Amino acid sequence: MGTKIEVKEDNSALILDLLELQIKVALEACGQNAVSHAKQNINEAGRIDTGNMINSMTHQVQEHTCYVGTNNEYAPYHEYGTGIYADGGVGRKDGWFYVDAKGNGHWTRGIKPIHFLKNAIANNQDEYRAIIKRYLQSK
């Protein structure tokens, strides 16, 4: 026969609260790493001019989700490409002329996408799994 167990105190609410806290801490760690990877992708692609885009990279944890991104106005052009290089072929098919902040004129057919955000997440899945496992494993 089995042994009887007498429950004297119900701590399930406390355990659930601690689990929620650990989930948020794990997601916070994943977000910090994802931002680091995205910045590294931007740097490795040689897409740093003023530093505004790389310095605007951030993350936010809401509920059981971590959002990683930037509010930089030209980040989508680097993520998805422009002109003849735009993802899905949605860019201009001809070139164009523009003047940069220094007053120099340039002719371009667009820029290739670097998918700095997509790759920061997709290429580091094992790392994020390990982080979550580390924070949620019993000790």
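## Helix 1, helix 5 and the loops around them

Helix 1 and helix 5 are roughly antiparallel to each other, a term used for angles over 145 degrees, while those under 35 degrees count as roughly parallel, those from 65 to 115 as roughly perpendicular and the rest as oblique. The model is a predicted one, in which local features need pLDDT of at least 70 and side-chain atom pairs count only at pLDDT 80 or more, whereas totals for chains, interfaces and linings use all residues. Residues are numbered from 1 along each chain as its sequence is written, and side-chain values use heavy atoms, with hydrogens and water left out.

The two helices occupy residues 12–44 and residues 125–136, and they pack at an angle of about 155° with their axes 9 Å apart. Here an axis is a line fitted to C-alpha atoms, for helices over the stretch in contact, and angles run from 0 to 180 degrees between N-to-C directions. Helices (H or I, at least four residues) and strands (E, at least two) are DSSP runs, numbered from the N terminus. The crossing of helix 1 and helix 5 is right-handed, meaning that the near helix is turned clockwise from the far one by less than a right angle; an anticlockwise turn would make a crossing left-handed.

Which residues of helix 1 and helix 5 meet? On the side of helix 1 they are Leu19, Gln22, Ile23, Val25, Ala26, Ala29, Cys30, Asn33, Ala34 and His37, and on the side of helix 5 they are Glu127, Tyr128, Ile131, Ile132, Tyr135 and Leu136. Contact means heavy atoms within 4.5 Å. By class, this contact has twelve nonpolar, three polar and one charged residues. In this classification Ala, Val, Leu, Ile, Met, Phe, Trp, Tyr, Cys and Pro are nonpolar, Asp, Glu, Lys and Arg are charged, and the others, Gly among them, are polar. An α-helix has 3.6 residues a turn, so residues three or four places apart point the same way.

Helix 1 itself has 33 residues and reaches 47 Å from its first C-alpha to its last, close to the 48 Å expected at 1.5 Å a residue. The expected span is 1.5 Å times one less than the number of residues. Among the buried residues of helix 1 are Ile23, Ala26, Leu27, Gly31, Val35 and Ile42; buried means under 20% relative accessible area, exposed over 50%, and partly exposed in between (1.4 Å probe, protein chains only). Their cover includes helix 2 (52–55), strand 1 (58–62), strand 2 (65–69), helix 4 (116–122) and helix 5.

Just after helix 1, Gly46 takes a positive phi of about 70°. Gly51 lies in the loop between helix 1 and helix 2, and it counts as buried at 10% relative accessibility. Its C-alpha atom is separated by 34 Å from that of Leu21, 30 residues away along the chain.

Two residues other than glycine also have a positive phi. Glu63, with phi near 55°, is found in the loop between strand 1 and strand 2. Is Glu63 buried or exposed? With a relative accessible area of 66%, Glu63 is exposed. His115, with phi near 45°, sits in the loop between strand 4 (105–108) and helix 4, where it counts as buried at 16% relative accessibility.

Gly69, in strand 2, is buried with a relative accessible area of 15%. Leaving aside its neighbours within four places in sequence, Gly69 is in contact with Ser56, Met57, Thr58 and Leu117. Gly69 and Lys118 are 49 residues apart in sequence and 9.9 Å apart in space, C-alpha to C-alpha.

Thr82 belongs to the loop between helix 3 (75–80) and strand 3 (96–99), and at 15% relative accessibility it counts as buried. Beyond its neighbours within four places in sequence, Thr82 is in contact with Tyr77, Trp96, Arg109, Gly110 and Ile111.

The path returns to helix 5 through the loop between helix 4 and helix 5, the place of Asn123. Asn123 counts as exposed at 57% relative accessibility, and its C-alpha atom is separated by 48 Å from that of Lys8. In helix 5 itself lies Lys133, which counts as exposed at 54% relative accessibility. Lys133 and His37 are 96 residues apart in sequence and 20 Å apart in space, C-alpha to C-alpha.
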